[in-house]
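Dear colleague,

Please find below the structure that I am handing over to you, together with its sequence. My notes on what was found in it follow directly after.

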Amino acid sequence: MSSNLQYRSPYTVVDALPPGYSRRPAGEPERATITFTIDGQEIQAPEGIMVVDAAKYGGVEIPVFCYEPKLGAPVGACRMCLVEIEGIPKLQTACSTPVRDGMVVVTKSERVVEAQNGVVEFILLNHPLDCPVCDKGGECPLQDISYGWGGGESRMVEPKRHFEKPVALSDAIAIDRERCILCYRCVRFSQEVSEDYQLVLLDRGAGAHVGTFDGTQYIAPFSGNIVELCPVGALTSRAYRFRARPWDVEQGGSVCTLCPAQCNVSYTVRDEQVMRTLSRENAGVDDGWLCDKGRFAYEAWESDARITTPLVRQGDKLMPARWEVALTAAANILKKSGPRTAALAGGATTNEEGWLLRRLMLDGLGSPHFDSRRGGEFDFDVARTLANPALAATMPDVEWADALLVLDCEPVDDMPVLDLRIRKGVRRNGVKLAIASARPSSLDAGATRVARIAPGGAEAFTQALLAALGDGGDVETLCENAGADAAEVRAIADLLAGAKRPVIVWSERLAVTGRGAAPLRAICNLADRLGIAAKDGAGLLEVPLSANARGLREIGLLPTAAPGLMHCDNPGLDATGIAAACGEEISALVLMNTDPLSDYDDPTAWSAALAKAGAVISFSTWMDAATARHADVVFPAEVGPEKDGTVTHPDGRIQRLRQTVERAGEVNAGWWVLNELGRRVGVDLGVKVANQATAQIANHVGIYAGVTTAELGGDGVRWQERDAAANLPRPARTTFDLTPPPAAPSSDGYLRLGVFRSLWSGGEVVNAATLATLAAAPRRVELSPVDGERLGLTSGDAVTVKTGDGEMSAVVALRDAVPAGFAFVSADLRLDEGDEAAVATLGRALASTEERSAEVTK
């Protein structure tokens, strides 16, 4: 049977948990076990689930088209699941009828079979019989159901209806309206899951079809999910059309590392090439959804822009080189610089690569100068407090919280599927959502409370909440410092204080504001004030700035901490210190899957630092700015389906990456390159396969003690729920004395400037044909209509944004939700030729803890 027909009930066996759940969320109601009869078989199932799901407990399959539990409440649109229920004269839809104790269900009576045959025949009246050329052929539920529950013959002799085909619903999706069976899945996803409200059902009767209301393209962060939801071949991926058939391909499960969400994916592989990316449902991580960046980025991995061979600088050019030449050149650099070497690792770096990089630096070169963070003070007590399992919220906790605060982050850009999880909680479970952010959030419409704060005002806002909860401090003064409304702050404080299961989602950006660990100390105090550690289902969830930021911290890729958040004897320089010391204390720099000129918040400082560094060794997938301008040796980096290793989810779930295709060109595994470099500088890292590095981590990182790839399986495990969690060192204190946050300076009559990073950035977007148009959009400055009218500007106007540091060009986008007096600029920090002034301006705006003012003119 097709994968679309696989059982997706919230329960797989009575009283069991969904795949990926480590525990049942505290807010999720428990279900009693009832007994009912189906086709003469007496079976047990959880009370209240739908008959179509309960039937699975007895091994009975009831056919469906429109039913998909992930979409929420059933609609009973297709009528394919009709069954007889004793005591009810008419046939009932099994997808929308809850099972009750003592219920008697019949799925194979003459009436049921006749009804099922009739529904299939009705659907096939106008459905084209083009299975041999349809992309869905071989994995199509309609094919399966026609064979299993259809009449086997057609009485249709009249011409079928015809539409123009295929129609481009967007650059990513094509729709063949003749094949559509009006199951509503795609429309329901658009309206009830992603809540972009773009897809609708147009016209009536035989002319009914799916489209957008005004005929514009369907452009949304999660649009690709409708292709996977479609039970027929009506919606297809334009990138995958006619490229492979189901019997030509294999599926390989892994984890996407393009953002902190770490969605579970299944790669469709043909001839060692990824043909498409599908979701691999893990209820504890992604709920079975993917963002379009994760779904279509595979196109970039086959692009000519990817680096697939080692490069060595000759004169002012990087030239292809054999591995032996590149390894020798890199080893000579490392041996020459020795303890004056520094290293930075990016979010795509696995735990194993980070571990071996740490060992190479310490054991091979004697250098403690390495970091996986983007700056900020590391406070052991704060780090250990925030890592406390009692304070750790899971992804399911987010949707079952009774009060949820999203603090200074935009989930749809920073961790996309978290956005869907929050929407699900608000829509289905009545989660009371509070938003505190400078820039208007896509979640504002569903929020109970919304507090606008000044850029950089999150720390002052947190302290204002504490004051409103009675923890000292003047609420009015702190709200003024935060740029927030005091009444709104008090309302959010009351919301959190009255919650049995409060959850706070906060961004790692709070740790890199230039205020050291002060903002995180305020978060710890807030958790203590709310009693989160003692409340089941309550917790904190950090949104990291890069995909595996948590894992790299916990395995010890920090200059001031040993593995497992232990103290180290010989602290080194952090990222900020490394930038300042390049050319003096630091003479060589290793960049692993990171470009400081685009990833870090002060590209101007990093541009100067890289220029002063004696030598740079880069592990990179793309010819980014740092690699192109400063690298002396470049090692081609693996991409997602080529990697083998582990990563750690923001909620502490250790997940396994599995290699599903051969590495492109001359690419070698990152762990192999590090092991080889170690051998050449005189240290044996002892790794011949990736699992050996995993075993080293399990032996030396206390909180990961004993973990194996077999234990991780396909769903991963949260380290907080293993016995080894007891190895987490206790903090000396869990609450802290707070220093008053700085007052927000006046904008002096100009606009207050904020900066945001879009989901549509990075080499995977720029070099993927499906996504490139989104990345190619010009830098935009978001203004309120009030300011637009005052300045004589309309959406689409080309303007210059001037600050005290410089100026940049942008295009105006007027948004009703933007508060008057604010300007928000998208931060594409690539050092494009001739754009250094804009990069410097944006970089300093991102790095600054102070509120900045800007002037916007045509």
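I begin with H209, which is part of strand β9 (residues 209-212). Please keep in mind throughout that this is a predicted model. H209 counts as buried because its relative accessibility is 11%. In the fold, H209 meets a residue from another stretch of the chain: its C-alpha atom is 6.4 Å from that of R177, although their positions lie 32 residues apart along the chain.

Salt bridges

How many salt bridges does the structure hold? The count is 43. Three of these pairs are described here in turn.

One of the pairs is E195 with R423, whose closest N and O atoms are 2.9 Å apart. E195 lies in the loop between α4 (185-193) and β8 (199-202), while R423 belongs to helix α13 (residues 416-429), so this pair ties together parts that are 228 residues apart in sequence. R423 counts as buried because its relative accessibility is 12%.

Another pair is E542 and R553, with 2.8 Å between the closest N and O atoms. Here strand β22 (residues 539-543) contributes E542 and helix α18 (residues 549-554) contributes R553, so the bridge ties together parts that are 11 residues apart in sequence. Are these two residues buried or exposed? Both E542 and R553 are buried.

The pair E711 and R722 also forms a salt bridge, its closest N and O atoms being 2.9 Å apart. E711 is in helix α25 (residues 709-712), and R722 is in the loop between β30 (717-718) and β31 (751-756), so the pair ties together parts that are 11 residues apart in sequence. The two ends have their own accessibility values. E711 counts as partly exposed because its relative accessibility is 34%, and R722 counts as buried because its value is 14%.

Salt bridges can also share partners. In this way D130, K165, D176, E178 and R179 are joined into one network.

Backbone features

K165, a member of that network, is also joined to P166 by a cis peptide bond, with omega at about -20°. P166 itself lies in the loop between α3 (141-149) and β6 (167-168).

E195, already met as the partner of R423, has a positive phi of about 55° although it is not a glycine. F242 is likewise not a glycine and has a positive phi, of about 60°. F242 is placed in the loop between β10 (235-237) and β11 (250-255). With a relative accessible area of 58%, F242 is exposed, because exposed means over 50%.

Cysteines

How many disulfides does the structure hold? The number is zero. C81 takes part in no disulfide, and the nearest cysteine sulfur, which belongs to C95, is 3.8 Å away. A disulfide needs the two sulfur atoms to be within 2.5 Å. C81 counts as buried because its relative accessibility is 2%.

Why is C409 without a bond to C259? The sulfur of C259 is the closest cysteine sulfur to that of C409, but the two are 12 Å apart, which is too far for a bond. C409 also counts as buried, because its relative accessibility is 7%.

Surface patches

Which residues gather in a patch of negative charge on the surface? They are D248, E250, D271, E272 and E662. D271 lies in the loop between β12 (264-270) and β13 (273-279), and D271 counts as exposed because its relative accessibility is 69%.

There is also a nonpolar surface patch of about 230 Å², made by V75, Y184 and L201. L201 is found in strand β8, the strand at one end of the loop that holds E195. L201 is partly exposed, because its relative accessible area is 30%.

As you study the model, I would suggest starting with the salt bridge of E195 and R423, and then turning to the two patches described above.

Yours sincerely,
A colleague

How values were computed. Residues are numbered from 1 along each chain as its sequence is written. This is a predicted model: local features need pLDDT of at least 70, side-chain atom pairs count only at pLDDT 80 or more; totals for chains, interfaces and linings use all residues. Side-chain values use heavy atoms; hydrogens and water are left out. Patches are made of residues with over 30% relative accessible area and no salt bridge: like charges are joined within 9 Å, nonpolar side chains (Val, Leu, Ile, Met, Phe, Trp, Tyr) within 5 Å. Accessible areas come from the Shrake-Rupley method with a 1.4 Å probe; for residues, only the protein chains shown count as cover. A salt bridge is a side-chain nitrogen of Lys or Arg within 4 Å of a carboxyl oxygen of Asp or Glu. Lys and Arg count as positive and Asp and Glu as negative; His and the chain ends are not counted. The place of a charge is taken as NZ of Lys, CZ of Arg, CG of Asp or CD of Glu. Helices (H or I, at least four residues) and strands (E, at least two) are DSSP runs, numbered from the N terminus. Buried means under 20% relative accessible area, exposed over 50%, partly exposed in between (1.4 Å probe, protein chains only).
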